[in-house]
Amino acid sequence: MGLPLPPGVLLLGALWSACPGQAAVVPDFNHVERCKEALYMGTPPRGYFAAKLKKICQRYADRPRYATLYDPRGHIPVYSAYTFKKSDGEKHVDFPWMFEPQLGSEKGGSNMEPFPQTHMHMNFEDTQAVLEDYSDVVQYERGHLNPDEHQADPLDKAATYTLTNVVPQIREFNTGPWSDHEDQVRKRLNNYCRGTAYVVTGTTTSGNTIRRDNVDRVAIPEYMWTAYCCVDFDRNAPTTCATSCPPSAPTP
């Protein structure tokens, strides 16, 4: 799947195989209040034309946090785009999982909200993943596209814990290669990016799904990909980094 990206974006590796507040549905990401600042030069990845895809400005505590293109049929994000914040890589797991009210109803609040203790209305289950989709699945875990380890502020970290920002990942992949990949990106941007770093992480699917009650519920990614853009990369970075991951050239 081709993905034209703005100049200055570095594609990390080829494709990773994923096999063995307030949030608002918006018409575009062309305004600060619609998560424009989460994208390099305000430009989202191109090439996504399906009308069914929904643009979500992930808002939490009345502030835009990051942008997500969401598939309400597959019940997973296509990509999440965010600005990287230098951090120590500590992962917080004490935040409640949240959902996007406006995917289920135009009258829903624009706030991403914690899942209710009672059963959710079917309108919400029809348009997004819910906790029950992951509760009895042993093989898969919830894998972040915008990981909390790439954020520093507690509210930015909390905002990553919405099911509109996660996809099913095989447990060993999530805790192994993907975790290593996220940490590598974090360390590289921590150490060598002097300006703002923009990151986009996305998925491709092939038709496999998590099923619940004999119904296809959540699409399972076949591949995961990440791209970043650092607008002010340290030219004094070690040769191994400067040559293998320059700030404005794609890697194979």
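These are my notebook entries on a predicted model of one protein.

**Entry 1: the whole chain**

I began with the overall counts. The protein has 252 residues, and 53% of them count as buried. I found seven helices and 12 strands in its secondary structure. The accessible surface comes to about 11900 Å². Carbon and sulfur atoms make up 50% of that surface.

**Entry 2: confidence**

Next I looked up how far to trust the coordinates. The average pLDDT is 84, and 83% of the residues score at least 70. Two stretches caught my eye. Over residues 1–22 the pLDDT stays under 50. The model still has 82 contacts beyond four places in sequence for residues 1–22. Residues 248–252 also stay under 50, with 11 such contacts. Where pLDDT is low, the predicted coordinates should not be read in detail. I left both stretches alone after that.

**Entry 3: strands β4, β5 and β6**

I then turned to β5, which covers residues 63–71. Seven of its nine residues are buried, so I noted β5 as mostly covered. β5 pairs with β4 (residues 54–60) through seven bridges, and the two run antiparallel. I picked out one pair there: K54 has Y70 of β5 as its bridge partner. β5 also pairs with β6, again antiparallel, through five bridges. Y70 turns up here too, with P77 as its bridge partner in β6.

I checked both hairpins. Two residues lie between the strands in the hairpin of β4 and β5, and A61 takes a positive phi near 55 degrees there. Four residues lie between the strands in the hairpin of β5 and β6. In that hairpin H75 takes a positive phi near 65 degrees.

**Entry 4: H75**

H75 made me stop. It sits in the loop between β5 and β6 (76–84). Is H75 buried or exposed? Its relative accessible area is 5%, under the 20% cut-off, so H75 is buried. I looked for what surrounds H75. Leaving out residues up to four places away in sequence, H75 touches Y70, E125, D126, T127, Q128, A129, R217 and V218. Y70 is the β5 residue that bridges to P77. Closer in sequence, the side chain of H75 reaches the backbone oxygen of P72 at 3.1 Å.

**Entry 5: S87**

I moved on to the loop between β6 and β7 (98–99), where S87 lies. S87 counts as buried, because its relative accessibility is 12% and the cut-off is 20%. Which backbone atom does the side chain of S87 reach at 2.5 Å? I found the backbone oxygen of E149. A polar atom of the S87 side chain also lies 3.3 Å from the backbone nitrogen of G89. Beyond four places in sequence, S87 touches E149, H150, Q151, A152, R186 and N190.

**Entry 6: strand β10**

Last, I looked at β10, residues 166–170. How many of its five residues are buried? Five of the five are, so β10 is largely enclosed by the rest of the structure. I checked which way the side chains go. V166, P168 and I170 point one way. V167 and Q169 point the other way, and all are buried. The partner strand is β9, residues 140–144. Five bridges join β9 to β10, and the two run antiparallel. E141 stands opposite Q169 in this pairing.

How values were computed. Residues numbered from 1 in each chain as written. Predicted model: local features only at pLDDT ≥ 70, side-chain atom pairs only at ≥ 80, totals over all residues. Heavy atoms only, no water. Buried < 20%, exposed > 50% of the residue type's maximum accessible area, 1.4 Å probe, protein only. Pairing = 2+ DSSP bridges. Polar contact = N/O pair within 3.5 Å; in protein donor to acceptor, adjacent residues only side chain to side chain. Contact = heavy atoms within 4.5 Å. Areas by Shrake-Rupley, 256 points an atom, 1.4 Å probe, with all protein chains shown as cover. pLDDT = per-residue confidence, 0-100.
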